[in-house]
Amino acid sequence: MAQSAQSSTETDWVSRFADEVIAEAERRAPGKAVVVASGLSPSGPIHLGNLREVMTPHLVADEIRRRGIEVRHVLSWDDYDRYRKVPAGIPGVDPETYGQYIGMPLTSVPAPAGSAYATWAEHFKAAMVEALDELGVEYDPISQTEQYTSGAYREQVLFAMKHRGDIDAVLDQYRTKQKPGGKKPQQKQVDEAELEAAEGSGAAAEDDGSAGESGYFPYKPYCGQCGKDFTKVTSYDDETTEMTYVCTEDGFTETVKLSEFNRGKLVWKVDWPMRWAFEGVIFEPSGVDHSSPGSSFQVGGQIVHIFGGEQPIGPMYAFVGISGMAKMSSSKGGVPTPADALKIMEPQLLRWLYARRKPNQSFKIAFDQEIQRLYDEWDKLEAKVADGSVLPADAAAHTRAVRVASHELPRTPRPLPYRTLASVVDITAGHDEQTLRILADLDPSQPLTSLDEVRPRLDRAENWITTQVPADQRTLVRETPDTELLSSLDAEGRESLRLLVDGLDSHWSLDGLTTLVYGVPKVMAGLEPDAKPTPELKVAQRTFFALLYRLLVTRETGPRLPTLLLAVGADRVRKLLAA
Ligand SMILES: [Zn+2]
């Protein structure tokens, strides 16, 4: 055990962080479970980019667990945060109606109409919970609503109020940071997706509870009348814990005993470090939006000492972009979610994208044609793992993608190439019997007998074709021959089609048809079928392929020809190519 742990270090970024986190946990809290943390705000659909907030600590926690060390991954649902704005384009949400809830905790806002859940927070949490489950992420969920309203943080809240002067002094250093004529902190160029992603994190609500005439208070009650947080604490007595607040919205005011009062929370910049200390968090990464001077992570690093804790090891992670997500499928407010990604790719592939890149490297998750190349790359990696030629770092990323400490993720028994599956379902429009016939023809020596052998990968490819590939890029096999094009062909063109048609039956497999389509132009050029390609031959092949595409699918390109021919079927190919 110790030996394997030793050899697993230094293979990749996850191992290196695990080493560091274990050492730090031993220093800070010997003999206790290692705690890593993530935080998500269910203020709307949770952006796919925010998955990094969970995946980074998950991978590190999983590595620690593999080494036989007890670890807890705390996932904090920031569902007691205020409802900041009504996100656009959410089905079942009328912006006019929902405007009235701004300022309430997310758990007090009703769910969109038609939801199976009672509250806004529950509704948007649910999709993420399901995705995390499918991804094999094991975590300990903590609802901040439950924590605050049950009084779990009572001591910490009273402590923060008592030490509000110290907290204010820390915050004040940053409030006055702006030097006259000095350089402003470098503004990072962020695109829209990044901003959306940032909004999902607590960073967007950078309210530090700035001091009013009556002094600084790090606590904000939700109003006893309207339930919103447009409140101002006007006085607080350290001895009695009597607190008076007034609501700026409706003028409501009351005096409560904070030692018994549970309807409010610490402001974000105090709340976060309080929780680091409360949970004993050793590792919690955060987005680059937290990295600037005065950001909640930086400030929290000082405030946490007031609570007697230490700042976690907290790498800044780069944003994760999305390439080519079709508008039509972004049903939930135009925001791509992890659930959307899992509709078009298996969890292993998504895990791999996160595992193979260091947190500070940005990358994109492909919803466009690029997904086919990604899958090719993944299949190549699997082949290398199988034959033992894989490099150690690639092997580590692969292992983290396919299994977690407790179990291996369910895999497609026969992982045929994604691009092949996509082409076939594109052509058959998801007709199961036809799909099975074509897939069985791919490799006649080992024919597929049931579509279950290629599931769930087949379903993901089908979802990709139907939800992400625009109509004008879909493959539509011709019903009738293009007689005009056929009759315009010269003798050479007709002869090439005849050679192809004559060879169909004897080459009816993926390999056979590959040989055939590349071989016809060779024979036409008077070369042997196994001749090395020359530049001239390559031109001839391209011309021949373009002709076939035009005759079969009325376009210059399409799925790989051997797959296309198999999918169209020999009889129909003969009909469409008969010159
Ligand atoms: Zn009020």
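This is a short chat about a zinc site and a pocket in a predicted model.

Q: What kind of model is this, and how are residues numbered?
A: The model is predicted: local features need pLDDT of at least 70, side-chain atom pairs need pLDDT 80 or more, and totals for chains, interfaces and linings use all residues. Residues count from 1 along each chain as its sequence is written, and side-chain values use heavy atoms, without hydrogens or water.

Q: Which residues hold the zinc ion?
A: The protein donors are Cys223 (SG), Cys226 (SG), Cys247 (SG) and Asp250 (OD, listed twice), lying 2.2 to 2.6 Å from the zinc ion. Donors here are N, O and S atoms within 2.8 Å of the metal (3.2 Å for Na, K and Ca); water is not among the atoms, so sites may look incomplete.

Q: How are they spaced in sequence?
A: The pattern is C-x2-C-x20-C-x2-D. Cys226 sits in the loop between strands S4 (219-221) and S5 (231-236), and Cys247 in strand S6 (residues 242-247), so this pair ties together parts 21 residues apart in sequence. Strands are DSSP runs (E, at least two residues), numbered from the N terminus.

Q: Are Cys226 and Cys247 buried or exposed?
A: Both are buried, meaning under 20% relative accessible area (1.4 Å probe, protein chains only).

Q: New topic. Which residues lie nearest the centre of the largest pocket?
A: Arg419, Ser423, Gly558, Pro559 and Arg560, out of 35 lining residues. On a 1 Å grid over the protein atoms alone, a pocket is an open set of points where a 1.4 Å probe fits, with protein on both sides within 12 Å along at least five of seven lines; lining residues have an atom within 4 Å of a point.

Q: Which helix gives the most to that lining?
A: H16, with 5 residues. Helices are DSSP runs too (H or I, at least four residues).

How values were computed
Buried < 20%, exposed > 50% of the residue type's maximum accessible area, 1.4 Å probe, protein only.
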